[in-house]
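Visitor: Please take one part of this model and examine it closely, explaining each term as it arises. I should then like to see how that part fits into the whole.

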Amino acid sequence: MHLVEYRICLPFTVEEYKRAQLYMIARHCHQESENGEGVEVVKYEPCEDSLHGKGHYTEKRIYLYNKLPVWMQSILPNIFYIEEKSWNYYPYTVTEYCCSFLPKFHITVETKYEDNDGHSENSHNLSPDELNIRTVDHIDICKDQISEHKYKENEDPSKVTIKKTDPHRGPLKEGWVKNCKEKNIPIMCSYKIVKTKFEVWGFQTKVESWAQRAIRDILLLAHRQAFCWIDEWYDMTYEDIVKFERDTYSKTNDKVLKNSKNTAKTESNVHSQENENKETDFD
């Protein structure tokens with residue numbers, strides 16, 4: 001098992017991020033879905049836990065075959081998808097990822113949101129054994145670089161000014177956490193415990209490390225977006241955000257499933273043509 005604790009500071013209060021999180025995830029899923037790949041929302045319903053209280057449960061299918069490295073594509077079917085199950089008891093969430101094609105592959109992500117600058121040394125109360133194998137990785141939404149093909153200037157915290165907050169937030173520069181504190185701009189931290197597990201001899205280290213790198217890239221991009229999109233949701237109530245979330249998930253499903261059917265139809269036509277050519281050659 002590979003265990004990493006990601007700490008992501010943001011210029012929000014935890015209460016503000018309750019809305020930002022829902023808006024960002026819904027829009028991010030819609031934006032990243034295209035050409036038959038992306039996120040299909042299967043379930044979205046209330047849930048309740050004896051410890052964490054009431055929350056929301058979502059179940060998704062993430063189609064990403066063409067985004068996998070070649071060495072993984074060679075051992076997986078074209079209809080590959082990852083199942084995501086998430087329980088949101090804000091400010092605590094837990095998400096699990098698994099795949100029926102890879103029964104020994106499993107990822108869990110536990111998140112706690114706190115109004116501080118990332119100095120909580122054991123926010124999740126990890127056991128001594130877990131602390132011994134934990135790696136702490138501080139993600140900086142300003143300094144850390146995303147891949148070139150994902151870069152957009154209007155999603156770059158070092159170039160965006162948030163105008164609906166008082167005082168304005170951004171652009172974020174080197175040492176932005178300290179600067180925000182000096183200007184009485186709130187700071188919060190997302191503490192994410194990510195455990196990746198793939199118990200297959202010869203592939204374990206490679207797959208677990210690849211999964212952590214992929215997750216880190218997603219976290220960096222999504223939290224940069226969460227900051228840059230503040231002006232878009234800041235005047236919306238929580239109820240407004242929930243409605244936006246549901247509407248956006250519906251549009252994303254249409255986008256993914258429609259393109260998926262078109263892709264499947266195209267592949268079917270190609271295979272039929274290949275079979276006809278083989279028959280002609282045989283004759």
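Guide: The sulfur of Cys180 has its closest cysteine sulfur in Cys142, 10.0 Å away, and this is too far for a bond. A disulfide requires two cysteine sulfur atoms within 2.5 Å. Cys180 counts as buried because its relative accessibility is 6%; buried means under 20% relative accessible area, exposed over 50%, and partly exposed in between, with a 1.4 Å probe and protein chains only.

The model is predicted, so local features need pLDDT of at least 70 and side-chain atom pairs pLDDT 80 or more, whereas totals for chains, interfaces and linings use all residues. Residues are numbered from 1 along each chain as its sequence is written, and side-chain values use heavy atoms, without hydrogens or water.

The structure as a whole contains zero disulfides. Cys9, for example, takes part in none, and the nearest cysteine sulfur to it, that of Cys189, lies 4.3 Å away. Cys9 likewise counts as buried, because its relative accessibility is 11%.

From these cysteines we may turn to the nonpolar interior. The largest nonpolar core (buried Ala, Val, Leu, Ile, Met, Phe, Trp, Tyr and Cys joined through side-chain atoms within 4.5 Å) has 62 residues. Phe12, Tyr17, Phe105, Trp176 and Trp233 have the most contacts inside this core. Helix H5, residues 204-228, supplies the largest share, eleven residues. A second core lies apart from it and has five residues, including Cys47, Tyr57, Tyr89 and Val94. In soluble globular proteins, nonpolar side chains tend to be buried together.

A polar residue offers a further example. Asp144 stands in the loop between strand E7 (135-139) and helix H4 (176-182); helices of at least four residues and strands of at least two are DSSP runs, numbered from the N terminus. Asp144 counts as buried because its relative accessibility is 15%. Its side chain forms a polar contact of 3.0 Å with that of Arg216, that is, a donor and acceptor pair of N or O atoms within 3.5 Å. Beyond four places in sequence, Asp144 touches His138, Ile139, Arg216, Leu220 and Arg224, contact being heavy atoms within 4.5 Å. With the same exclusion of neighbours, Trp233 is in contact with Phe12, Glu16, Arg19, Ala20, Tyr23, Ala226 and Ile241.

The whole chain completes the picture. Its secondary structure comprises seven helices and eight strands, and 46% of its 283 residues count as buried. Among contacts between residues at least 6 apart in sequence, 69% join residues at least 24 apart.
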